[in-house]
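Welcome! Please take a moment with the sequence and the 3D view before reading on.

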Amino acid sequence: MNRPSDLSRRRFLQIGAVAGGGLTFGMSLPGCSRTGELPKERFVANAWVTIHPDNRVVFLIDKIEMGQGVITSMSMLLADELEVPWDRIETETAGESEAYRNLWGLQATGGSLTIRTYWQPLRQAAATVRAMLCQAAADHWGTETGGCLAEQGVVRHLDSGRSLTYGQLAGAAAQLTPPDGVAVKSPDQFRYIGKPMPLRERASKSDGSAEFGIDVQLPGLLTAVVVRCPVFGGKVASFDGEMALAVPGVLHVVQIPDGIGVVAESYWAARSGAGKLRVEWDN
């Protein structure tokens, strides 16, 4: 399986096109003007980024937010390299895909490795998308890409002052082949990276609307809370689970090798039941 450090930019874009619904490749000849109306369709650039004709930029984040701030930090990488306004990015949780397999061939979050492993691949992917938008603009105007500048969601022609939004260019960019070797920004060009930014997930965490793994409810799903000895290596000498079983929603109280498990219909029921256990420890 590929890890981010081993995954080439082109391979990622190829995988991402499949995962995201497809990227239509076509041929673009520099200097050939497409003076007709630009196609109005979304640009599924890779497994992370989709640009819509209405200028919405949707960022599929394949890392799990567990309080470490990956929604904010990964959005900073994307916003900087893609050159989009901070408030233009809409974040969504990605589904399962081969493109997101990273740690040990798994689609996983852990080890404080998100920025370390995605620092280059995510920036490279975003910079490539930015280059494709510039190419689409240059093709439409019949000019060279060197005279086009992508900045804050708009591609400008430096000599004439003409400009097109990313949304206007999305359909045309979707027809291009991703270029090789696009340079990422140097630190002195960073707009967001390294700067204090507001947590994008702050509001949802504050009002309780943020959904974590512990919040997921599925038909027939049970939750277990394990009570372990407060002293390392201690074992259960005896226990009384009668009061725990009296808590509404608690279904089972079972002894396991390193503690007592309280199984219930919800986390809160399991947590409440665990608090009513009477355990004698052999430590």
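This report walks through two sheets, the helices beside them, and two pockets.

## A note before starting

Please keep in mind that this is a predicted model. Residue numbers count from 1 along each chain as its sequence is written.

## The sheet of β5, β6 and β7

A good place to begin is an open sheet of three strands, ordered β5-β6-β7 and paired in the antiparallel way. Its edge strands are β5 and β7 (163-165), and each of these pairs on one side only. On average, neighbouring strands of this sheet are turned by 20 degrees against each other, direction ignored.

Now look at β6, which covers residues 154-157 and pairs with β7 in the antiparallel sense over three bridges. To find one such partnership in your viewer, go to Val154: its bridge partner in β7 is Thr165. Helix α4 (residues 166-173) packs on this sheet and touches β5, β6 and β7. The direction of α4 makes about 80 degrees with that of β7.

## Where α3 meets α4

How do the axes of α3 and α4 cross? They come within 9 Å of each other, and the crossing is at roughly 90 degrees. Angles of 65 to 115 degrees count as roughly perpendicular, and α3 and α4 are therefore roughly perpendicular to each other.

Which residues of the two helices meet? From α3 come Arg130, Met132, Leu133, Ala136 and Ala137, while α4 brings Tyr166, Leu169, Ala172 and Ala173. The residues of this contact divide into eight nonpolar, no polar and one charged.

## The sheet of β8, β11 and β10

Another open sheet of three strands has the order β8-β11-β10, with antiparallel pairing. Here the edge strands are β8 (223-227) and β10 (250-256), each pairing on one side only. Neighbouring strands of this sheet are turned by 20 degrees against each other on average, with direction ignored.

Strand β11 (residues 259-264) runs antiparallel to β8, and five bridges join the two. A handy pair to pick out is Val226 and Gly261, since Val226 stands opposite Gly261 in β11. Helix α7 (residues 267-275) lies across β8, β10 and β11. The helix α7 runs at about 25 degrees to β8.

## The largest pocket

Next come the pockets. The largest pocket has a volume of about 430 Å³. Its lining is made of 18 residues, and those nearest its centre are Glu65, Ile71, Thr93, Ala210 and Glu211. Two elements, β4 (89-93) and α5 (202-207), give two or more residues to this lining.

Which element gives the most to the lining of the largest pocket? That is β4, with three residues. By kind, the lining of the largest pocket divides into six nonpolar, five polar and seven charged residues.

## The second largest pocket

The second largest pocket holds about 230 Å³ of space. It is lined by 13 residues, and Glu83, Arg130, Leu149, Ala150 and Lys185 are the closest to its centre. The elements that give two or more residues to its lining are α3 (114-141) and β5 (148-151).

This pocket links back to earlier parts of the tour. Arg130 is one of the residues of α3 that meet α4, and Arg130 is also among those closest to the centre of the second largest pocket. Strand β5, an edge strand of its sheet, gives two or more residues to the lining of this pocket. The lining residues of the second largest pocket divide into eight nonpolar, one polar and four charged.

Notes
Predicted model: local features only at pLDDT ≥ 70, side-chain atom pairs only at ≥ 80, totals over all residues. Heavy atoms only, no water. 1 Å grid on protein atoms, 1.4 Å probe; cavity = no way out; pocket = protein on both sides within 12 Å on 5 of 7 lines; lining within 4 Å. Points joined across faces, edges and corners; volume = space filled by probe spheres on them. Helix = DSSP H or I, 4+ residues; strand = E, 2+ residues; numbered from the N terminus. Nonpolar A, V, L, I, M, F, W, Y, C, P; charged D, E, K, R; others polar. Pairing = 2+ DSSP bridges. Axes fitted to C-alpha atoms, helices over the stretch in contact; angles between N-to-C directions. Contact = heavy atoms within 4.5 Å. Parallel < 35°, antiparallel > 145°, perpendicular 65-115°, else oblique.
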